[in-house]
Structure formats: structure tokens, C-alpha cells
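Work through the exercises below with the sequence and the 3D view side by side. Try each task before you read its solution.

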Amino acid sequence: MKTLSILLVEDSPLDAELIEAYLMDGGLQFSLVCVETREDFATALEKQRFDIILAD
């Protein structure tokens, strides 16, 4: 199974932890980058390609 590269835009650390736990419970293989601000989001997109972007 391919490891998914996921960018998570979430300003709540607790919610980010819950989302990561749900993804792990779902059996997905993934690497997760979590950002809180628009600037961090833009920087992450410049540095890496992502398969999925999750945002609240």
C-alpha cells in the first residue's frame, strides 16, 4: 500500500491529534504534516507535494 502524504490545516492541537488517531485506526499508511496558519500552509505547499489536504 502506498504511503499517503497528507497536509492537515488545523488550528486545534487536540483536533489534530484526533484526526491522526482516526487515520491510524483506519489502517492508512501516511505521513502527516500539520499546519495552523495560512503562511505555514503556503510554505508546506512550496516544500512538498501532498496526496490529500484536509482542512477544517
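Buried means under 20% relative accessible area, exposed means over 50%, and partly exposed lies in between (1.4 Å probe, protein chains only). This is a predicted model, in which local features need pLDDT of at least 70, side-chain atom pairs count only at pLDDT 80 or more, and totals for chains, interfaces and linings use all residues. Residues are numbered from 1 along each chain as its sequence is written, and side-chain values use heavy atoms, with hydrogens and water left out.

**Exercise 1.** Find the helices and strands, and give their order from the N terminus.

Solution. Start with the rule: helices (H or I, at least four residues) and strands (E, at least two) are DSSP runs, numbered from the N terminus. Count them: the chain has two helices and three strands. Now read along the chain: the order is β-α-β-α-β. Next, check the radius of gyration, which is taken over C-alpha atoms. The value is 11 Å. The globule rule (2.2 Å times the number of residues to the power 0.38) gives 10 Å for 56 residues. The two are close, so the chain is as compact as a globular protein of that length.

**Exercise 2.** Is strand 1 largely enclosed or not, and why?

Solution. Locate strand 1 at residues 4-9. Five of its six residues are buried, so strand 1 is largely enclosed by the rest of the structure. For the whole chain, 21% of the 56 residues count as buried. Then look for the partner: six bridges join strand 1 to strand 2 (residues 30-35), and the two run parallel. Two strands pair if DSSP finds at least two bridges between them. Pick out one bridge: leucine 7 has valine 33 of strand 2 as its partner.

**Exercise 3.** Place alanine 16 and glutamate 39: which helix holds each, and is each buried or exposed?

Solution. Take alanine 16 first. It sits in helix 1 (residues 13-25). Its relative accessibility is 12%, so alanine 16 is buried. Contact means heavy atoms within 4.5 Å. Beyond neighbours within four places in sequence, alanine 16 touches Leu8, Glu10 and Cys34. Now turn to glutamate 39, in helix 2 (residues 38-47). Its relative accessible area is 55%, so glutamate 39 is exposed.

**Exercise 4.** How far apart are the C-alpha atoms of glutamate 39 and glutamate 20?

Solution. Along the chain, glutamate 39 and glutamate 20 are 19 residues apart. In space, their C-alpha atoms are separated by 22 Å.
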